[in-house]
Amino acid sequence: MTRPPVDVLIRRVDPDVPLPAYGHPGDAGADLVTTEAAELAPGERTVLPTGVSIALPDGYAAFVHPRSGLAARCGVALVNAPGTVDAGYRGEIKVIVVNLDPRETVRFERFDRIAQLVVQQVEKVRFHEVAELPGSARAEGGFGSTGGHAAVDGVRGGNTQGGNSYASVVSDREGQ
Ligand SMILES: O=c1ccn([C@H]2C[C@H](O)[C@@H](COP(=O)(O)OP(=O)(O)OP(=O)(O)O)O2)c(=O)[nH]1
Ligand SMILES: [Mg+2]
């Protein structure tokens with residue numbers, strides 16, 4: 001069953017900007033464009049304006065996600081991915097892009113699609129402080145406690161034990 005779309009008020013900060021649009025009917029993200037051209041050297045980041053501001057219904061948030069094509073082709077990432085747009089935010093939506101390609105400069109033209117906006121319902125919680133939390137199967141295990149992550153040798157990882165700084169993935173594979 002298809003649910004009806006949620007109505008979101010939108011204002012053009014730039015009168016010529018195309019409104020965020022879904023590429024296909026079932027897409028989760030509506031593409032956002034930059035209203036400013038920009039050039040990013042390798043490693044450089046900048047904040048790009050999208051030319052729109054929105055008013056989300058209470059209980060919703062919008063998340064600024066990267067576009068996979070830009071990431072795969074050009075190494076463009078969002079520094080704060082996913083960026084969080086609060087329901088009460090009325091300012092222009094901005095996108096914090098970084099060029100992670102080690103060699104190539106990336107150029108954005110005005111109205112290039114640079115990110116996608118995913119609108120979601122979000123829960124508001126009340127925090128209840130306790131001295132002890134209830135037990136669970138995972139308990140305090142995290143950060144790779146289940147093993148078998150990166151499938152490459154010699155890739156720098158977070159394991160700095162034993163004097164090296166390489167991901168210790170070999171031991172994960174030995175038992176397989
Ligand atoms: O990618 C993003 C992330 C955030 N915002 C806007 C909307 C959001 O509601 C506001 C604040 O974002 P956030 O809470 O992530 O930043 P902060 O550093 O905590 O700022 P603040 O102190 O204003 O909450 O900035 C964007 O336009 N783009
Ligand atoms: Mg904040």
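Ligand 1 is surrounded by V64, N80, G83, T84, V85, D86, Y89, I93, K94, V95 and I96, where a residue joins this shell if its C-beta atom, placed from the backbone, lies within 6 Å of the molecule. By character, the shell divides into 6 nonpolar, 3 polar and 2 charged residues. In this sorting, Ala, Val, Leu, Ile, Met, Phe, Trp, Tyr, Cys and Pro count as nonpolar, Asp, Glu, Lys and Arg as charged, and the others, Gly among them, as polar. Strand 9 and strand 10 each supply at least two residues of the shell. Strands here are DSSP runs of E, at least two residues long, numbered from the N terminus.

Before going on, a word on what you are looking at. This is a predicted model, in which local features need pLDDT of at least 70 and side-chain atom pairs count only at pLDDT 80 or more, while totals for chains, interfaces and linings use all residues. Residues are numbered from 1 along each chain as its sequence is written, and chains are lettered from A and ligands numbered from 1 in the order in which they are written.

Let us start with strand 10, which covers residues 94-99. Strand 10 belongs to an open sheet of 3 strands, in the order 5-10-8, with antiparallel pairing; two strands pair if DSSP finds at least two bridges between them. Strand 5 (45-49) and strand 8 (76-78) stand at the edges with a single partner strand each, so one side of each has no neighbour in the sheet. On average, neighbouring strands of this sheet are turned by 35° against each other, direction ignored. The axes behind such an angle are lines fitted to C-alpha atoms. Between strand 8 and strand 10 there are 3 bridges, and V76 stands opposite N99 in strand 10.

Now pick out I96, a residue of strand 10 that is also in the shell around ligand 1. Is I96 buried or exposed? I96 counts as partly exposed because it has 16 C-beta neighbours inside 10 Å; 20 or more would make a residue buried, 12 or fewer exposed, with C-beta atoms placed from the backbone. Leaving aside neighbours within four places in sequence, I96 is in contact with R45, V47, L78, V79, N80 and G83, contact meaning C-beta atoms, placed from the backbone, within 7 Å.

Strand 9 leads us to the other sheet. Here 5 strands form an open sheet in the order 2-3-12-7-9, again with antiparallel pairing. Strand 2 (21-22) and strand 9 (83-85) are at the edges, each with a single partner strand, so one side of each is left without a neighbour in the sheet. Strand 2 pairs with strand 3 (residues 30-33) over 2 bridges, and A21 has D31 as its bridge partner. Strand 3 in turn pairs with strand 12 over 4 bridges, where V33 is partnered by R113.

Strand 12 spans residues 113-121 and includes V118. With 15 C-beta neighbours inside 10 Å, V118 counts as partly exposed. Not counting residues up to four places away in sequence, V118 touches A28, G29, A62, F63 and H65.

Technical notes. Axes are lines fitted to C-alpha atoms, for helices over the stretch in contact, and angles run from 0 to 180 degrees between N-to-C directions. Two residues are in contact if their C-beta atoms, placed from the backbone, lie within 7 Å.
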